[in-house]
Each structure stands twice: as C-alpha cells, then as structure tokens.
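Hi there,

Here is the structure I promised to pass on. Have a look at it first, and then read on for what I found.

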Amino acid sequence: MHEIAPVPADAPVVERGVGFFETVLCLGRRVVLWDGHLARLFGSVAEFDFPIPDRALIERTAAERFDAHPAALGEERSLRVSWIAIAADLESAASWRLDVVLRAIPEATLRRRAAASAI
C-alpha cells in the first residue's frame, strides 16, 4: 500500500471544506448503486464548474482497496470516494486529489440500523 501525502494546513479542503464525497455501501466486492453514486459525485463537481475526477482512476483505486482488504462473503463495508481541494487554484485539476477509503461500517451505524424499522 502506498503512503498518502499529508494535506497542507492551508488547503481549501481544510480551511473552507472544499471537496466532494460519496459513501457507498459494499457487500463483499459488490458496490451498491455504484453508477448512481458516481453520477451524483460528478454532477455535484460539475455544478460548481470544478475539474471532474477520472472515473477510470476511481474504479482502479477502488479495486486496489478491495484487493488489499478482501471481505468475507456478504460482509458489509463502506467505500468513501472523496475529491478534495488541496491547493488554491480550484480550476486546475492538479489542485485536486482523489482519496478512496474502504472501511468497516461503524458500530454506531449498525446499532442505529438495528433499532430502526420501516414500512
């Protein structure tokens, strides 16, 4: 696994929260509603006229995360895809960074789910 560079303290994502993310439910290696989540991410970024992240890079990076952390059959996890501004020139693609993180569903979320019901 590669080392992730730190985000500068004066980066727009730190100072002003400039960034976009989607958190996607995963069942094993199956990503639920993947195309819809990416469409929403790309649409949100485009609405502000910022550079759009490369879909192929997102998919490659997600596959790397799954390969590095295999799941048990049917195991639920979340995949967070973030497109964050790490430099001041927001119109330049070089000022943006893609972060893709695969993690367990938090215990608090699982507890909330267990207490919920729907009709």
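Let me start just past a helix: Asp 49 follows H2 and has a positive phi, near 60°. Please keep in mind that this is a predicted model.

H2 itself runs over 34–47. The helix has 14 residues and spans 20 Å from its first C-alpha to its last, close to the 20 Å expected at 1.5 Å a residue. Its buried residues are Trp 34, His 37, Leu 38, Leu 41, Phe 42 and Val 45. They lie on the same side of H2, because the arc they cover around the axis is only 130°. On the face turned away from that buried side you will find the exposed residues Asp 35 and Glu 47.

What do the buried residues of H2 pack against? Their partners are E1, strand E2 (30–31), H3 and E3.

That brings me to the core. The largest nonpolar core has 23 residues, and Phe 20, Trp 34, Leu 41, Ile 58, Leu 79, Val 81 and Trp 96 are those with the most contacts inside it. Strand E1 (19–27), helix H2, helix H3 (55–68), strand E3 (76–85) and strand E4 (96–104) each supply at least two of its residues. H2 gives the most to this core, with 5 residues.

Leu 79 is a good place to zoom in. Leaving aside neighbours within four places in sequence, Leu 79 is in contact with Glu 22, Thr 23, Val 24, Cys 26, Trp 34, Ala 62, Phe 66, Val 100, Val 101 and Leu 102.

Best wishes

Notes. Residues numbered from 1 in each chain as written. Predicted model: local features only at pLDDT ≥ 70, side-chain atom pairs only at ≥ 80, totals over all residues. Heavy atoms only, no water. Core = buried A, V, L, I, M, F, W, Y, C linked by side-chain atoms within 4.5 Å. Buried < 20%, exposed > 50% of the residue type's maximum accessible area, 1.4 Å probe, protein only. Helix = DSSP H or I, 4+ residues; strand = E, 2+ residues; numbered from the N terminus. Contact = heavy atoms within 4.5 Å. Expected span 1.5 Å × (residues − 1). Arc of directions from axis to C-beta.
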